[in-house]
Amino acid sequence: LVYRPQRWALLLNPPGNPIPEFAACDSLVPELKGMAVMHQGGYRDLQGQLAFSLECGGTKCPAIPVVPPAKETAGPDQWPSSFFRFVVHEAFHQHQQETFGDFPFEREEKYPLLLPENTALASLEVLIVKEILVGIEQGLPTQSWEIRLRQFCAVRSLRWQAAPPAVSRFERMEERNEGTARYVDTRCGFLWDAGAGKPSLFPDRALARMLRDNFIGHDLDRLAYRPELVARMRIYPLAAALFSLLDLLEIPWKEPARSDPDFSPGDLLGKQLRLEGSSLASLAGQAKSDFGYEAILSESREHIEEYLVAYRTGLASFESSGGSRIEISLAFPVGRARSGAKQTWLLDEGKRLLCQGYLVYRLTGEGFTFHLEGSGLVEENNWDTRERKVQFFTPRIECCRMDGAEIIPSNVSEVPFHRLELNGPNFRLECSGSGILRNREGGMFIAVTLASPKQ
């Protein structure tokens, strides 16, 4: 399902049976004749968030928001390949849910963004792989860049050994999750461009160029990654390149990537190259020398200091926001969906998050929905007690209904509730669980006790 919030929803490749509220769109989008049905207006609670396993027409599908610069009226022949790839990428995540084995979970927030040695070595890995892609694009034989591949495997192995366990757990998870999805959308984008007659090089060389272009927007600043990119965003293009190198070397990898929770393309490459533990230090040392590791490490430290300075500035700006301050505290489990984030900072292993503004931020639980649009927030997480706090500002509170009665929040200091509806221009809160609303000098504080999730 591809949709424009409050405008329309387009179901691609629909099942054959009629679907309530959807109709043929042949006259509106002739290019999709027989391949899609359309719903006019807003659809369900889709307000710009990405959603999975949405029941529609007797099947489960992803719901993918249309974001600029895609044109509202453009047909598929006018959609840029980047938007086509975005749809394929997110649809592949639905496929993963149905066909992949378990993904051992590690929170992105726990990734050590402010560890300069890990950042520097991770940046070195990317420099090595990008040089390999340049060699392929230039048509160099495999033997000319195999030493670089060995160096990559050595640096990766030693980095994972030295880093906190959360690093390898998170990167393995995201290589299987986002890495395979980026691999698939890149291959589809390559076919899209090939159909338009764009590639002028041999397929491997043209694909290498596209894989290298994947790093645009997710790339090194000069020599090193900035903290906000070193975890998740670095893995998208890097893993896609590694999977494509496995293809080029004719090394089977798709079945273990689908089924093995500990799979990593770097491990598989190292095994195929028969790297021994005694050679890792020498190979990594040569890579450090070749690419100027000390300069990479120095730049990593500079980026971390800049990150902390920017965080303090961003926090001061958030604290000076106008309007009413609201804090919501609740216990896990609660689902979280976010999209369109502006500058975001994570500190203290994800216990504190500051975002200058989300297009959409949603928390959902049993009998609980919180929806925030176009606003900054601070999120505090206690991983031990499994509690989360969200702080934000709103220009005004437009409606407050507690246990069925409308109240003026400023008229109460502390009151328990069993049902709460609270709305403002930028947020909506609906809670059918018990809780307490408190008004203090610093703002409104809402503590929620969620019902246990249904089994």
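**Exercise 1.** How many residues does the largest nonpolar core have, and which residues have the most contacts inside it?

*Solution.* The model is a predicted one. Its largest nonpolar core has 104 residues, and those with the most contacts inside this core include Leu-124, Ile-328, Phe-368 and Leu-429. Among the elements, helix 2 (residues 116–137) gives the most to this core, with 11 residues. Apart from this core lies another, of 14 residues, among them Leu-1, Ala-9, Leu-46 and Ala-63.

**Exercise 2.** Find the order of the strands in the open sheet of six strands, and then the helix that packs on this sheet.

*Solution.* The strands of this open sheet follow the order 3-4-2-1-6-5, with mixed pairing. Its edges are strand 3 (23–24) and strand 5 (51–56), each of which pairs on one side only. Strand 1 (residues 2–4) and strand 2 (residues 8–12) are antiparallel and pair over three bridges, and here Val-2 stands opposite Leu-10. Helix 1 (residues 81–99) packs on the sheet, where it touches strand 1, strand 5 and strand 6 (59–65).

**Exercise 3.** Decide whether the rings of Phe-92 and Phe-100 are stacked or edge-to-face, and do likewise for Phe-243 and Trp-253.

*Solution.* Planes over 60 degrees apart count as edge-to-face, and those under 30 degrees apart as stacked. The planes of Phe-92 and Phe-100 stand at 90°, with ring centres 6.0 Å apart, so this pair is edge-to-face. For Phe-243 and Trp-253 the planes stand at 15° and the centres 4.3 Å apart, so that pair is stacked. Phe-243 and Trp-253 are both buried.

Key: Residues numbered from 1 in each chain as written. Predicted model: local features only at pLDDT ≥ 70, side-chain atom pairs only at ≥ 80, totals over all residues. Heavy atoms only, no water. Core = buried A, V, L, I, M, F, W, Y, C linked by side-chain atoms within 4.5 Å. Buried < 20%, exposed > 50% of the residue type's maximum accessible area, 1.4 Å probe, protein only. Helix = DSSP H or I, 4+ residues; strand = E, 2+ residues; numbered from the N terminus. Pairing = 2+ DSSP bridges. Contact = heavy atoms within 4.5 Å. Axes fitted to C-alpha atoms, helices over the stretch in contact; angles between N-to-C directions. Phe/Tyr/Trp six-rings, centres within 6.5 Å; stacked < 30°, edge-to-face > 60°.
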